[in-house]
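Please open the model in your viewer and keep the selection tool at hand. The stops below say what to select next and what is there.

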Amino acid sequence: MKINKNSIIFKVIFQLLLFFTLFIVFIAIASKEIFSSAYMNLERDKISIIEENITPSLALNISYGFSQAVEEITKQVLNNPNILLLKIKTDEFDKDLICTKHKQSIETYREDGEFISKTDLIDPSTSQVIGEMLLVYSKASYDKYMQEFYSVFL
């Protein structure tokens, strides 16, 4: 059977295949963006929950000058496998307090694309900003999620 390229059946089938391919590509790109942004928002929510839980106690201990308690809190926070670095910068202490699991700089984490968040530490009695907390959160779970997404989708 000879297929005529000018026949209406050929044109309809060709257009259907073309639109189906474009639709699949659109769905693939759109779903990747939707799932990626949703998971990024989930990770940011996790970071904000961690910050909301530790900043009041850190600020209180800093305002009273309890540096040892601040160190204990930061070391306890590092028990979370996703927190890579916690840096406390305040005028109350002689130097910045940096607790990390890996001996990497903040710039290295930034280059690696890890989640980095800064939060002001506010004195509970005076409502003045007394310092700043920098938290580096691992993107390993995000990377794993996206790899699983690709393997399931493809």
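**A tour by selection**

Begin by selecting Lys32, which counts as partly exposed because its relative accessibility is 24% (buried means under 20% relative accessible area, exposed over 50%, and partly exposed in between, with a 1.4 Å probe and protein chains only). This is a predicted model, in which local features need pLDDT of at least 70 and side-chain atom pairs count only at pLDDT 80 or more, while totals for chains, interfaces and linings use all residues. Residues are numbered from 1 along each chain as its sequence is written, and side-chain values use heavy atoms, with hydrogens and water left out.

Add Glu33 to the selection: its side chain and that of Lys32 meet in a salt bridge, 3.3 Å from N to O (a side-chain nitrogen of Lys or Arg within 4 Å of a carboxyl oxygen of Asp or Glu). The structure holds five salt bridges, and another to select is that between Glu43 and Lys46, at 3.2 Å from N to O. These two residues are separated by about one helical turn, because they are three residues apart in helix 1 (helices are DSSP runs of H or I with at least four residues, strands are runs of E with at least two, and both are numbered from the N terminus). Glu43 is buried, with a relative accessible area of 0%, whereas Lys46 counts as partly exposed at 31%.

Next, select strand 1 (residues 83–90) and strand 2, which run antiparallel and are joined by four bridges (two strands pair if DSSP finds at least two bridges between them). They form a hairpin with six residues between them, and Lys87 has Ile98 as its bridge partner in strand 2. In strand 2 (residues 97–100), Leu97 and Cys99 make up the covered face, while Ile98 and Thr100 make up the uncovered one.

Now turn to the largest nonpolar core, which has 26 residues, with Leu58, Ile88 and Leu121 having the most contacts inside it (such a core is a set of buried Ala, Val, Leu, Ile, Met, Phe, Trp, Tyr and Cys residues joined through side-chain atoms within 4.5 Å). Helix 1 gives the largest share of this core, seven residues. Select Leu58 and look for the residues that it touches, among them Val70, Ile73 and Met133, when residues up to four places away in sequence are not counted (contact means heavy atoms within 4.5 Å).

Finish at Ser127, in the loop between strand 3 and strand 4, where phi is near 60 degrees, a positive value in a residue other than glycine. Ser127 counts as exposed, because its relative accessibility is 56%.
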